[in-house]
Amino acid sequence: MSTLPNPSRRNFLKLAIATSGGLFLGFNWNTASADTQAILTEGTLAGAIDFNSYLSIAPNGIVTIFSPNPEVGQGIKTAFPMIVAEELDVDWKNVNVMQAPLDTQKFERQVAGGSGSIRHSWQRLRKAGATARQMLLEAGAKQWKVPVAECKTEKGMVIHTTSGRKLSYGELASEAAKLSVPSDVKLKEVKDFQLIGQVAKNVDNPKILTGQPLYGIDFYREGMLFAMIKRPSAFGLKLKSVDSTAAKSMSGITDVITFKNNVAVVGKSTWQVKKAIDLLKIEYEKESDLESTTDHNRIFEELLNSTNTTVRRKDGDVEMAFKNAAKVIKSEYQCPFISHSPLEPMNFFAHVKPDSVELIGSTQTPEAARNETAKLLNIAPEKVSVEMTRMGGGFGRRLKTDYVLEAVEVSNLVKAPVKVIWTREDDMTGGSYRPAVRYRFEAALDKQGNLVGYKLRGVGMNSGNCTREDNFPSGAVENLLIDTVEHKSPITTGPWRAPITNFLAFAEQAFMDEVASAAKKDPVQFRLELLDKAKKSPTGAIKYDIDRMKSVIQLAVDKSGWGKKKGVSQGFSVYFSHFSYVAQVGEVVMQKGKPVLTKIYAAADCGVVINKSGARQQIMGGIVDGLGHAMYANLTFKDGAPQQSNFNTYRLIRMNEIPEVEVHFVENTIDPTGLGEPALPPTGAAVANALFKATGKRLRNQPFAEQEGMKGIS
Amino acid sequence: MALFKLLVNGRNYEADVDPETPLLWVLRDHLGLVGTKYGCGIAQCGACTIHLDGEATRSCVLPVSAIGTAKVTTIEGLSSTGDHPVQLAWDEVDVPQCGYCQAGQIMTAASFLKHNTKPTEEEIEVAMSGNLCRCGTYHRIREAVKLASTKLK
């Protein structure tokens with residue numbers, strides 16, 4: 001058993017509910033906390049700032065746990081309570097989960113992003129459960145007048161081991177509430193986990209499967225108005241004039257308003273608004289360059305030859321290494337802009353009142369929604385409340401607050417509660433895309449085929465640092481230079497699931513395959529040799545765990561039968577992102593002279609797996625997502641206007657296009673890290689490298705399906 | 001505007017709407033049945049799938065004026081207690097990630113299984129490929145359809 005070093009008693013707060021009985025245990029996600037205060041009724045819970053969440057145990061034994069983080073499909077609303085329930089030692093079927101609203105005083109990092117929620121909250125959630133368990137244990141011992149050491153807990157019961165007497169948590173909850181909060185608690189050993197690592201179903205399944213209101217778009221309130229917004233038809237245009245006569249005359253339309261470069265049509269139902277908005281006559285004028293995809297291809301060339309670069313990492317003497325190289329390999333990889341396209345299009349409810357603002361809807365970042373609303377209206381953030389609904393996907397799109405602010409603007413202008421809804425076309429053409437990026441790689445090999453020099457230049461459209469300079473193979477190559485150049489484009493970009501690495505991983509791991517091939521080495525062996533070198537004689541900082549990376553490689557090799565299969569072409573890829581490690585092997589079989597992707601093996605190390613069902617699906621779904629976007633996604637531009645606006649022209653992967661996927665986890669006792677993103681980055685290269693083996697053709701640009709001979713491979 | 005009488009999930013409703021209004025928006029905005037989802041509005045994603053006289057139909061492109069006396073079934077009415085074999089299978093396999101597309105997937109699967117009670121994997125893929133799942137739960141959807149077929153009465 002591990003004991004937490006000096007946990008602050010002040011981080012915990014217990015409260016007895018005078019009316020209903022039971023134990024309410026407030027606990028803190030933060031380490032620091034103000035002095036505790038007695039809280040006696042549920043009513044005062046809302047006002048309590050000393051703790052930031054709570055679990056309650058009712059007299060009937062039902063445990064309620066508040067989950068503070070937004071649920072976007074990553075499964076956090078199921079995984080968080082599992083951790084508490086494990087340490088509390090309670091039967092999972094007696095656990096109720098509630099979505100907490102935004103409360104920056106009680107919670108921190110109420111964000112769905114960066115695959116960071118589990119990693120961030122693991123210890124705190126465990127401590128909360130263990131503290132309540134300890135109090136129940138003490139309450140039982142007190143009741144029986146026996147030493148605590150003679151008692152144990154099991155599935156919501158306190159048991160006196162010597163006499164066999166039992167009391168349920170529900171029976172003990174009120175007594176436990178009278179005890180002082182223990183100053184230190186013991187956490188379970190990983191090997192003793194009974195719930196963590198098991199299958200727990202999505203806690204919202206009953207609602208999802210019967211169509212009950214859950215998502216932002218489902219929110220309705222009596223008297224609420226509906227709004228749609230016409231945004232500029234191209235990036236680089238601004239509003240010149242609006243003729244809204246026809247739209248205003250339509251039945252059900254209450255307002256047509258203009259703000260910034262947008263025209264909002266407000267009315268009594270979605271369809272009435274949709275019909276009216278199509279009648280707007282709007283003229284736009286040029287505000288900046290209207291870029292086309294052909295311009296981007298030219299700009300990429302210019303940026304690659306730029307001398308005005310930002311150096312991200314420099315080790316050794318790259319120029320000398322390339323000068324003395326026995327062989328130099330050089331390749332370029334390019335990806336297009338892509339849309340997030342969560343299946344629930346952007347929408348948000350806002351009610352701007354004289355003294356407060358109410359926000360309700362799907363957001364990955366409720367705190368930013370609040371702060372930017374406060375800034376927009378020039379009011380204090382405390383005046384803005386945010387209620388998070390379940391999200392119909394996000395993939396990073398809902399980390400932006402533009403669609404929240406639009407709802408605020410409209411509600412503020414029409415002085416009414418308003419839900420703004422984006423059509424699919426609005427969603428796909430309205431911006432904030434994964435940036436289009438091009439990479440140029442250069443590798444220098446010595447006579448023995450050792451990698452002695454490595455250069456990567458990343459250039460892109462509003463792409464910031466489009467490299468991850470400390471990722472593998474950095475640390476394994478003596479002479480290395482990684483730099484970037486960015487083009488400022490009117491086309492808006494933002495984080496897209498596994499930002500940057502969603503394509504960078506493909507480029508790096510496909511190029512690694514090219515280099516291994518040039519060195520006449522097995523691609524897996526080549527990577528392992530580099531990792532051994534990084535371990536024995538590291539160059540510069542190494543920010544990934546070499547042993548963990550090797551262990552996922554080994555697991556993928558073992559499970560896929562790497563190099564041992566006849567009639568199957570395998571491709572390898574491994575990537576470290578968001579503190580987790582994932583290796584993948586893609587398999588391609590030639591059928592009637594055409595390559596067909598049949599299977600992808602995945603080996604993941606995310607430390608302790610919390611929910612086997614959720615975790616497995618994050619890997620499977622991540623692979624399907626990575627494959628689908630590598631294969632098909634392509635958002636092109638003409639004069640600043642996106643050329644695809646719905647799923648008839650912007651292709652998403654479908655069920656008949658998926659390969660078999662087999663998932664394996666490295667079993668260890670390391671503190672858990674996230675899984676929302678890490679399975680996606682390696683997929684593109686596992687597929688492309690397998691296709692190379694099968695066909696001899698290198699895929700360097702996405703989408704694959706638009707490259708010669710690659711139609712119908714999945 | 002015109003008054004339409006609709007039979008939805010065995011219940012009579014009236015909606016005073018523009019005859020062109022797609023059934024999807026009548027369900028969501030006027031009848032308060034929001035289980036049927038908007039995803040694309042052009043019958044490409046299947047999130048809006050309902051049953052019209054038992055057949056899977058895209059409600060986003062179906063004008064309310066075209067329904068006539070046909071019976072409409074939505075996810076809310078697929079079963080009274082959420083225990084349709086397809087719903088049970090979806091839960092057992094733990095299909096949903098974000099869950100947004102799943103009502104449409106379930107309605108498609110339920111209709112499909114009425115016609116084909118013992119489908120092959122390939123038949124399932126053909127039947128289900130009209131429904132997009134942005135989270136990529138396709139493997140589990142396929143498994144759940146298979147499982148549901150064993151639960152049919």
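**Reading contacts, domains and helix crossings in a two-chain model**

Trainee: Before anything else, what kind of model is this?

Mentor: This is a predicted model. Keep that in mind for everything below.

Trainee: Let us start with the chains. How many residues of chain B are in contact with chain A?

Mentor: On the chain B side there are 49 residues, and they meet 47 residues of chain A.

Trainee: Which elements of chain B give two or more residues to that side?

Mentor: They are helix 1 (23-30), helix 2 (85-93), helix 3 (102-115), helix 4 (121-128) and helix 5 (138-151) of chain B. Helix 5 of chain B gives the most to the side that touches chain A, namely 5 residues. By class, the side of chain B that touches chain A has 23 nonpolar, 17 polar and 9 charged residues.

Trainee: Is there another way to express an interface?

Mentor: The size of an interface is often given as the accessible area lost when the parts come together. Here we stay with residues in contact.

Trainee: Now the domains. Where does the domain assignment divide chain B?

Mentor: Domain 1 of chain B is given as 2-77 and domain 2 of chain B as 85-151. Their C-alpha centres lie 21 Å apart. In the contact of these two domains, 15 residues of domain 1 of chain B meet 12 residues of domain 2 of chain B.

Trainee: Which strands supply at least two residues of the domain 1 side?

Mentor: Strand 3 (49-52) and strand 4 (55-58) of chain B each do so on the side of domain 1 that touches domain 2. Strand 3 of chain B gives the most to that side, with 3 residues. The side of domain 1 of chain B that touches domain 2 of chain B divides into 6 nonpolar, 7 polar and 2 charged residues.

Trainee: And what does the domain assignment give for chain A?

Mentor: For chain A the assignment gives domain 1 (2-200), domain 2 (216-287 + 346-421) and domain 3 (306-337 + 433-706). The contact between domain 1 and domain 2 of chain A takes 12 residues from domain 1 and 16 residues from domain 2. On the domain 1 side, the residues that touch domain 2 of chain A are 6 nonpolar, 5 polar and 1 charged.

Trainee: What does UniProt list for residues 210-288 of chain A?

Mentor: An unreviewed UniProt entry lists them as "domain: Aldehyde oxidase/xanthine dehydrogenase a/b hammerhead". Over residues 210-288 the chain is 15% helix and 41% strand, with the end C-alpha atoms 48 Å apart.

Trainee: How do I read a pair of packed helices?

Mentor: Two packed helices are described by the angle between their axes and the distance between the axes. Take helix 10 (residues 366-377) and helix 11 (residues 402-414) of chain A: their axes come within 10 Å and cross at roughly 40 degrees. That angle makes helix 10 of chain A oblique to helix 11 of chain A. The crossing of helix 10 and helix 11 of chain A is right-handed. Residues of this contact include A:Leu376 of helix 10 and A:Val408 of helix 11.

Trainee: At what angle do the axes of helix 2 and helix 5 of chain B cross?

Mentor: They cross at roughly 130 degrees, and the axes come within 8 Å. Helix 2 and helix 5 of chain B are therefore oblique to each other. The crossing of helix 2 and helix 5 of chain B is right-handed.

Trainee: Which residues of these two helices make the contact?

Mentor: Among them are B:Leu88, B:Ala89 and B:Glu92 of helix 2 of chain B, and B:Arg140, B:Ala144 and B:Leu147 of helix 5 of chain B. By class, the contact of helix 2 with helix 5 of chain B has 9 nonpolar, no polar and 4 charged residues.

Notes: Residues are numbered from 1 along each chain as its sequence is written. Chains are lettered from A and ligands numbered from 1 in the order in which they are written. This is a predicted model: local features need pLDDT of at least 70, side-chain atom pairs count only at pLDDT 80 or more; totals for chains, interfaces and linings use all residues. Two residues are in contact if their C-beta atoms, placed from the backbone, lie within 7 Å. Helices (H or I, at least four residues) and strands (E, at least two) are DSSP runs, numbered from the N terminus. Ala, Val, Leu, Ile, Met, Phe, Trp, Tyr, Cys and Pro count as nonpolar, Asp, Glu, Lys and Arg as charged, and the others, Gly among them, as polar. UniProt positions are given in the numbering used here, feature names are shortened, and annotations may be inferred rather than shown by experiment. Axes are lines fitted to C-alpha atoms, for helices over the stretch in contact, and angles run from 0 to 180 degrees between N-to-C directions. Angles under 35 degrees count as roughly parallel, over 145 as roughly antiparallel, 65 to 115 as roughly perpendicular and the rest as oblique. A crossing is left-handed if the near helix is turned anticlockwise from the far one by less than a right angle, and right-handed if clockwise. Domain bounds come from an automatic or database domain assignment.
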